[in-house]
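Biologist: Can you pull up the model so we can go through it? I have a few short questions.

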2 protein chains.
Amino acid sequence: MHSIEELRETFAKYLNDQSFTQEPKNLYEPNNYFLQIGGKRLRPTLLLLSTELFDGKIEEALPAALAVEYFHNFTLIHDDVMDKAPSRRGYKTMHEKYNLNTAILSGDVLLVKAFECIGKTHGDFRKLFAVFTKTAIEVCEGQQYDIEFETTENVTQEEYIEMIRLKSAVLLAGSMKIGAIIGDASEENANLLYAYGENLGIAFQIQDDILDCYGDESLVGKLPGGDIIQNKKTLLLIEALNKDDGQLKEWISKKEFDQKEKLQAVLNIYDQYHIKEYALEQRSAYVQKSEQLLNQINLPGNKKTILKDLVNYLVIRDF
Amino acid sequence: MHSIEELRETFAKYLNDQSFTQEPKNLYEPNNYFLQIGGKRLRPTLLLLSTELFDGKIEEALPAALAVEYFHNFTLIHDDVMDKAPSRRGYKTMHEKYNLNTAILSGDVLLVKAFECIGKTHGDFRKLFAVFTKTAIEVCEGQQYDIEFETTENVTQEEYIEMIRLKSAVLLAGSMKIGAIIGDASEENANLLYAYGENLGIAFQIQDDILDCYGDESLVGKLPGGDIIQNKKTLLLIEALNKDDGQLKEWISKKEFDQKEKLQAVLNIYDQYHIKEYALEQRSAYVQKSEQLLNQINLPGNKKTILKDLVNYLVIRDF
């Protein structure tokens, strides 16, 4: 088995080799720009890892790994438009670098290209296609809920978890299931790996929420507190609002405020209600669920260890 | 064999039965709105017709027919955003009726749903998927060229034909090929039907350009001359510019003008250079190419007659 880092590098090289060269240049070149912004290449790496877990060849899984990375980037391009985000990882977003039409249309063709890659993948095509399609639909549904929550006053924790499951966790889970299918895993194992990835994906997203409040700027790569400033309904804010005696609502309803002052005040309220501890507990609960599922997967011990170590890579992280 | 009208009605009923009912409502309901705006359901109807030509069952082709209609509507929704179009067939466009985010995201999920429908279709899945994916990519490429032509000074007729081939004709051709594949046509027949549809699709689009200048408002359903007012590079404008002694360029470069006056002046120039006759000749040339291809298709005479009659339905039309 290759290490996570080796798989990430194998994928990064493949992605680079596959950069778009065709015409019309103004349709495809923007996707090259966006894809090179980078990121951890988490989903394709986990897909390749899942193929190797079941003794499949990673060469045969590379097109599917490209598919999930294309798909992920398609969602980022369109989400950035919907969020009016000016930058991502220090680079201009697509609509900022180019324009709205490019962000829409280059994003569209990237989605179709993702499907095309699934078609080029070795393995049971109908199965691969079914997982990919279901996942793609759910991610759109998750994004819809995310948009709606911005203007919904009472979002419950249950609704929030379902939103991050759809918007984020299912793509991670789907990538692992696709990898398992390419490795010719049994249906039971593939489904268990999916459920494992789903729970880990939720824990991953909760960790993102925690890092946005408590992360180290130099490690995370962005100023902490963005979610608090924007009143983003994270697990932390939802729980704090449940316990709020009114001071948090007051800060949320303020139209004009000093950003540093608001951030400090809200963090003080979080401390008062032990919100960080609560979020860490919730994170642990999903990690535990994933471990229970891991126990049921039929794999040799050394491979289970690799999966167990994923928790450190995905959840117990500083960035 | 069913008539075109019967096939259109069968599809319309199926489309209606398949209207989206799932959550999140604000993601799916807008697509129901947009899909009911209507249109001629040309692509699904031709798909069903093509299945029947090769003695396939239309019930088995209905999901694929839905796929091409979903795909077509996805392109309309996103194109309307890119064109900043306020209305379509007398109804508000998606971004006008709802908002930009809905037009983007509901469009996105409609594209994925189109793929899902291909997955539900009876027949050689890899083949169906390949045709659908290639078509979808080309339609995006065609839209890109269309956008670029708005700000390109010298668009040649060749470039224009290639643009409408990609943006419009390939989806018509792809729909017919998909129908043929479902009917288990030979590869040669399916490819000939594709080429037939492609040429007819180009003639169809040229007819659209002609109708925009010379159509009867009460039949076409919109004021004629929109393309002329907006300096849209149609086959007619491109040819007229080739022959222009300067008066057309003058009208094109005017920032302020009386719409009726410009329309009449440009139509006069068109008359002077016999532009309508030229466009009709070009239209006939593509119809003739399609007839040559039709001769090569291995089908009984009565079925060829049905295909031949399509020309009246698609090209020699008043609306």
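Modeller: What follows goes through the chain contact, the cavities, a salt bridge and some backbone details of this predicted model.

Biologist: How many residues does each chain put into the contact?

Modeller: Chain A gives 36 residues and chain B gives 36 residues.

Biologist: And what area do they bury between them?

Modeller: About 3500 Å² is buried between chain B and chain A, and 72% of that lies on carbon and sulfur atoms.

Biologist: How many salt bridges and polar contacts are there between chain B and chain A?

Modeller: The count of salt bridges between the two chains is zero. For polar contact, there are ten residue pairs between chain B and chain A, with both residues at pLDDT 80 or more.

Biologist: Which elements of chain B give two or more residues to the side that touches chain A?

Modeller: On chain B they are helix 2 (25-36), helix 4 (58-83), helix 6 (100-119) and helix 7 (125-150). Helix 7 of chain B gives the most to that side, with 13 residues.

Biologist: What is the make-up of that side by class?

Modeller: The side of chain B that touches chain A has 20 nonpolar residues, nine polar and seven charged.

Biologist: Changing topic. How many cavities of 30 Å³ or more are there, over the whole structure?

Modeller: The search finds five. The largest cavity has a volume of about 60 Å³.

Biologist: Which residues line the largest cavity?

Modeller: From chain A, the lining includes A:Phe71, A:Phe74, A:His78, A:Met82, A:Val139 and A:Gln143. Chain B is present too, with B:Leu105 and B:Asp108 in the lining.

Biologist: Which elements give two or more residues to that lining?

Modeller: Helix 4 (58-83) and helix 7 (125-150) of chain A do, together with helix 6 of chain B. Helix 4 of chain A gives the most, with six residues. By class, the lining of the largest cavity has seven nonpolar, three polar and two charged residues.

Biologist: Back to salt bridges. How many are there over all chains?

Modeller: There are 27 over all chains. One of them pairs A:Lys243 with A:Glu239, where the closest N and O atoms are 3.1 Å apart.

Biologist: Where do A:Lys243 and A:Glu239 sit in helix 12 of chain A?

Modeller: Helix 12 of chain A covers residues 235-243, and A:Lys243 and A:Glu239 are four residues apart in it, so about one helical turn separates them.

Biologist: Last topic, the backbone. Which residues does the cis peptide bond join in chain A?

Modeller: A:Glu23 and A:Pro24, with omega about -5 degrees. A:Pro24 is in the loop between helix 1 (4-17) and helix 2 (25-36) of chain A.

Biologist: What about the peptide bond from B:Glu23 to B:Pro24, cis or trans?

Modeller: That bond is cis, with omega near -5 degrees. B:Pro24 lies in the loop between helix 1 (4-17) and helix 2 of chain B.

Biologist: Is the phi of A:Arg89 positive or negative?

Modeller: Positive, about 50 degrees, although A:Arg89 is not a glycine. Most residues other than glycine have a negative phi. A:Arg89 is in the loop between strand 1 (87-88) and strand 2 (91-92) of chain A.

Note on methods. Residues are numbered from 1 along each chain as its sequence is written. Chains are lettered from A and ligands numbered from 1 in the order in which they are written. This is a predicted model: local features need pLDDT of at least 70, side-chain atom pairs count only at pLDDT 80 or more; totals for chains, interfaces and linings use all residues. Side-chain values use heavy atoms; hydrogens and water are left out. Contact means heavy atoms within 4.5 Å. Buried area is the accessible area (1.4 Å probe) that two parts lose on being put together, summed over both. A salt bridge is a side-chain nitrogen of Lys or Arg within 4 Å of a carboxyl oxygen of Asp or Glu. A polar contact is a pair of N or O atoms within 3.5 Å; within protein, one must be able to donate a hydrogen and the other to accept it, and residues adjacent in sequence count only if both atoms are side-chain atoms. Ala, Val, Leu, Ile, Met, Phe, Trp, Tyr, Cys and Pro count as nonpolar, Asp, Glu, Lys and Arg as charged, and the others, Gly among them, as polar. On a 1 Å grid over the protein atoms alone, a cavity is a set of points where a 1.4 Å probe fits but cannot get out, and a pocket is an open set with protein on both sides within 12 Å along at least five of seven lines; lining residues have an atom within 4 Å of a point. Grid points are joined across faces, edges and corners, and a volume is the space filled by probe spheres set on the points.
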